[in-house]
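Subject: Handover of a structure and notes on its contents

Dear colleague,

Please find below the structure that I am handing over to you. I would be grateful if you kept it open beside these notes while you read them.

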Amino acid sequence: MAGAGGRAPLGLRRWLSSPAPAPRVCVVGSGPAGFYTAQHILKHHGGALVDIYEKLPVPFGLVRFGVAPDHPEVKNVINTFTQTARSERCAYYGNVTVGRDVTVPELQQAYHAVVLSYGAEDNRVLGIPGENLPGVYSARAFVGWYNGLPESRDLKPDLSCETALILGHGNVALDIARILLSPLQLLRKTDITDSSLAALACSKVRRVWLVGRRGPLQVAFTIKELREMINLPGTRAVLDPADFTGLESAVKDVPRPRKRLTELMMKTALEKPGEMQAAAAGAAAPREWGLKFQCSPQEVLPSADGRRARGVRMALTRLEGSGDSAKAVPTGDVEELECGLVLSSIGYRSLPLDPAVPFDSQRGVIPNSSGRVEGVPGLYCSGWVKRGPTGVIITTMNDSFDTAQSVLEDLQGGVLDISPFREGFGLVESILRSRGVRPVSFSDWQKIDAAEVARGKAAGKPREKIVDPAEMLQIIGH
């Protein structure tokens, strides 16, 4: 470069002044995976334009519909996502179902790169007799019900029994147990939906068992969630000390987080409630919860009239191997657990979106390497549809940054050719219009948001979620 006051050489001047074509990137899904992917691309590429598509009118995916209502601090990431959506190089289009309203090949015509971040919109099934009986629900549907997920708004779970059984030992299972047993005054201050709060107020559930196929060293929940459950007011933990026999020595060699978690379970199992506590507990007929290990569900048992669930027959298991890779093998013995409510919390599952996108149905993921979809240049994936439905928001953040980095590398290395002009939303808009679809903008969402916050304020809550998409669209005059 020339010194102060000098001129840059002609070739360089021409290169500096000719605007580089802006890469247009499309992200499908507005949960953490979608927003973190968009955020990373916008931050590290000064010219990229990113459009985010979402099938619901409202954004934020599992931050809005998965995170428990009594964990508001986890929802603070919404502030970061809102900043991203308000960037002048980012646009949000809700109320657009990719694969139906617009296809992935059509998006590829409109954008230089397409990132699929649409998550896991289904759940794994138990595959046992009786799982379709009334009284049996997937964790995904139940969590969606109390969190205002539109598709779960009519669930109407029957909470008229005393004992609930949750199949699974993950954080979602503990979330559900906590919501079922929490004192109402704690839930009233949250953004739990009005109708689920009313149903919980009439709930007869007093006892919740969380059942897992493997042992205490294989539970998937984390210590924060376990501690919250142990400290839940008006509720006592029922853990059998026999389940922890011999674990003192085994726990010495496990990683520290697992060691602390196991020690907390052991301590809780061995604690004797003080006399005062026992007297108070007896008087208040407290609610209780417990963990059952090495039980694999065989059948949901029907009531005498065959019209609802009355219990679950469990195959007792023994463990082969140790640590995370231990396998649960049936011993041949069975046990029946009585309950009127069964919640299956054995994992979420992604579904294929479009015939043009390769999908591994066995693993429930899009085959990829570092987020690059196998065999389809210009197509990427991030989040649960990329790696399977595991981990917390921070796991998805790192995973999405990894995919975004692949997009940036491919832009930089010329793998993605950005010389052909791509029209982006201009092209998609005409396709949507021809199919009678009206997208919802981010400023439209902010009107829905304001309406929810106003309704919540009247009830002393952070917000009252609107659960009917038709009502959301009515608010914004669609």
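The notes below go through the sheets, two helices, one strand residue and the aromatic rings. Please bear in mind throughout that this is a predicted model.

**The two sheets**

I begin with an open sheet of 6 strands, whose order is β6-β14-β7-β8-β10-β9 and whose pairing is parallel. At its edges are β6 (136–138) and β9 (235–238), each of which pairs on one side only. On average, neighbouring strands in this sheet are turned by 20 degrees against each other, direction ignored. Within the sheet, β7 (residues 163–167) and β8 (residues 207–211) are paired in the parallel sense over 5 bridges. To locate this pairing on your screen, you may look for Leu 167, whose bridge partner in β8 is Val 211.

A further open sheet is formed by 3 strands in the order β11-β12-β13, and here the pairing is antiparallel. Its edge strands are β11 (295–302) and β13 (327–338), which each pair on one side only. The average turn between neighbouring strands of this sheet is 20 degrees, direction ignored. Strand β12 (residues 309–320) runs antiparallel to β13, and 9 bridges join the two. One residue to look for is Thr 317, whose bridge partner in β13 is Pro 330.

**Two helices, each with a buried face**

Which residues of helix α10 (residues 223–230) are buried? They are Ile 223, Glu 225, Leu 226, Met 229 and Ile 230. Viewed down the axis of α10, these buried residues fall within an arc of 160 degrees, so they line one face of the helix. What do the buried residues of α10 pack against? Their partners are α7 (171–181), α12 (256–270) and β10 (287–292). Strand β10 has already appeared above, as a member of the parallel sheet.

Helix α16 (residues 425–434) may be read in the same manner. Its buried residues are Phe 425, Val 428, Ile 431 and Leu 432. Seen down the axis of α16, they fall within an arc of 120 degrees, so they too line one face of their helix. On the other side of α16, Arg 433 and Ser 434 are exposed. The buried residues of α16 pack against β2, β3 and α5 (104–110). Just after this helix, Gly 436 takes a positive phi of about 70 degrees.

**A residue in strand β3**

Strand β3 (residues 90–93) contains Ala 91. Is Ala 91 buried or exposed? Its relative accessibility is 18%, so Ala 91 counts as buried, because the cut-off for that word is under 20% relative accessible area. Leaving aside residues up to four places away in sequence, Ala 91 touches Val 50, Asp 51 and Ile 52. Ala 91 and Leu 49 also illustrate how the chain folds back: they are 42 residues apart in sequence, and their C-alpha atoms are 8.4 Å apart in space.

**The aromatic rings**

How many aromatic pairs are there? The count comes to 15. One of them joins Phe 35 and Phe 60, a tilted pair with 5.7 Å from centre to centre and 40 degrees between the planes. Phe 35 belongs to helix α2 (residues 32–44), and Phe 60 to the loop between β2 (49–53) and α3 (61–65), so the pair ties together parts that are 25 residues apart in sequence. Phe 35 is buried, at 0% relative accessibility, and Phe 60 is buried at 2%.

A further pair is made by Tyr 348 and Trp 384, which meet edge-to-face at 5.6 Å centre to centre, with 75 degrees between the planes. This pair links distant parts of the chain, 36 residues apart: Tyr 348 lies in strand β15 (residues 348–349) and Trp 384 in helix α14 (residues 384–387). Both Tyr 348 and Trp 384 are buried.

Ring pairs also build a cluster, made up of Phe 35, Tyr 36, Phe 60, Phe 81, Tyr 92, Phe 401, Phe 442 and Trp 445. The tilted pair of Phe 35 and Phe 60 is thus found again within this cluster.

Finally, a charged residue also meets a ring: Lys 292 lies over the face of Trp 209, at 4.2 Å from the ring centre.

Yours sincerely,

A colleague

Notes: Residues numbered from 1 in each chain as written. Predicted model: local features only at pLDDT ≥ 70, side-chain atom pairs only at ≥ 80, totals over all residues. Heavy atoms only, no water. Pairing = 2+ DSSP bridges. Helix = DSSP H or I, 4+ residues; strand = E, 2+ residues; numbered from the N terminus. Axes fitted to C-alpha atoms, helices over the stretch in contact; angles between N-to-C directions. Phe/Tyr/Trp six-rings, centres within 6.5 Å; stacked < 30°, edge-to-face > 60°. Buried < 20%, exposed > 50% of the residue type's maximum accessible area, 1.4 Å probe, protein only. Lys NZ or Arg CZ within 6 Å of the ring centre and 35° of its normal. Arc of directions from axis to C-beta. Contact = heavy atoms within 4.5 Å.
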